[in-house]
Amino acid sequence: MYEFGRSKNATRGYSFDDVAIAPARRTRSESEVDLRWRIDAVTFDAPIVAAPMDSVMSPATAIEMGRLGGLGVLNLEGLWTRYEDPSPAYEQLTEPADQVTTTRRLQQLYAEPIKAELIEARLAEIRAAGVPVAGALSPARTQQFADVIERAGVDFFVIRGTTVSAEHVDEAENTLNLKEFIYRFDVPVLVGGCATYRMALHLMRAGAAGVLVGFGGGATHTTASVLGIEVPMASAVADVAEARRDYLEESGGRYVHLIADGAVGRSGDIAKAIACGADAVMVGSPLARATEAPGRGWHWGPEAWHATLPRGERVFFEQVGSLAEVVNGPSHLPDGTMNLVGGLRKAMAFTGYTDIKSFQRIDVMVH
């Protein structure tokens, strides 16, 4: 603990930039590395989840993400469920403009009501492609559209917000009791953001199949500036991993998956997240660089269109290659923004680990 002033103590927090993976005593061939990630009854070729952000996920890119061996999550409060044809909205949001103009456009375009029939239609489109189906709602909208999600059928349901507690109450006094909600739902529910031991333990006890660790949208959100809330990701993942270990013993063997959600913009960050204890990562900004990304390089998250207190901004990334190249390579850039899977595979091979679970036990250093 660190003391500042006469009455406050604080813990030290570490970001992924503050830690490094320590080399082990052996190396292995990349062909021996198995990156498969199994959650519930579904096995993925790589532990990569595409963030439910309109700038990167459309039904088409969610389908492509599934074909590439990962999981694409569609934002069920986004443009695709508000507009039959969202193309004109994307045209407006991908035009150069200052942040004030952009924020006003976001607020106006996302004021269009969400349509239940579009939720069902978009999820049906993904299911028809034969890939795993996943959709995301905020805690405030989950109760409202729960019946629609059940009818539509998903393989995974994501409840994602800036920070999510085991019980959420909105302005209209509509209560989301996660434990009751998850009990009635027949599919795995992934819940976050979460950044502390105690909060993670509550979500695990509520029945979450996976916990999103972090605040998501690291490249686009301004939560630290607007709310003063921030937990460095390396410390957050390590603390939640400790909660998972304790809950595993408490529950008699129920394993809850940890998905690092935030500050994982490069393949090295993905390797560090797993080294700190994550089972998978949720990525946004690397996918915004793909030529198929609906945002055409412009990237924004759900915090950016809040009607009264936006906590995000639109940023631009140069498009570097196809979604397949960003995820699986080959890369023609030396900065870790392409071939995310190849970077993780190489890191594990260089340190002598053959699977995700064993790589979680590798030594890390603070520098």
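This briefing covers the strand barrel and the helix packing of the structure above. The model is predicted. Eight strands close into a barrel, and their pairing is parallel. Helices α7 and α9 each lie across β12, β13 and β14. Helices α1 and α4 pack against each other at about 30°.

**Barrel**
- The strand order around the barrel is β6-β7-β8-β9-β12-β13-β14-β15.
- On average, neighbouring strands of this sheet are turned by 25° against each other, direction ignored.
- Strands of a sheet pair through backbone hydrogen bonds, either parallel or antiparallel.
- Strand β7 spans residues 71-75, and strand β8 spans residues 134-137.
- Three bridges join β7 and β8 in the parallel sense.
- Asn75 stands opposite Ala136 of β8.

**Helices across the strands**
- Helix α7 covers residues 197-205 and runs at about 165° to β12.
- The strands under α7 are β12 (189-194), β13 (210-213) and β14 (257-261).
- Helix α9 covers residues 233-250 and runs at about 170° to β14.

**Packing of α1 and α4**
- Two packed helices are described by the angle between their axes and the distance between the axes.
- Helix α1 (residues 59-67) and helix α4 (residues 116-128) have axes 9 Å apart.
- Their angle is about 30°, and angles under 35 degrees count as roughly parallel, so α1 and α4 are roughly parallel to each other.
- The crossing of α1 past α4 is right-handed.
- Pro59, Ala62 and Ile63 of α1 make the contact with Arg122, Glu125 and Ile126 of α4.
- By class, this contact has four nonpolar, no polar and two charged residues.

Technical notes
Residues are numbered from 1 along each chain as its sequence is written. This is a predicted model: local features need pLDDT of at least 70, side-chain atom pairs count only at pLDDT 80 or more; totals for chains, interfaces and linings use all residues. Side-chain values use heavy atoms; hydrogens and water are left out. Two strands pair if DSSP finds at least two bridges between them. Helices (H or I, at least four residues) and strands (E, at least two) are DSSP runs, numbered from the N terminus. Axes are lines fitted to C-alpha atoms, for helices over the stretch in contact, and angles run from 0 to 180 degrees between N-to-C directions. Contact means heavy atoms within 4.5 Å. Angles under 35 degrees count as roughly parallel, over 145 as roughly antiparallel, 65 to 115 as roughly perpendicular and the rest as oblique. A crossing is left-handed if the near helix is turned anticlockwise from the far one by less than a right angle, and right-handed if clockwise. Ala, Val, Leu, Ile, Met, Phe, Trp, Tyr, Cys and Pro count as nonpolar, Asp, Glu, Lys and Arg as charged, and the others, Gly among them, as polar.
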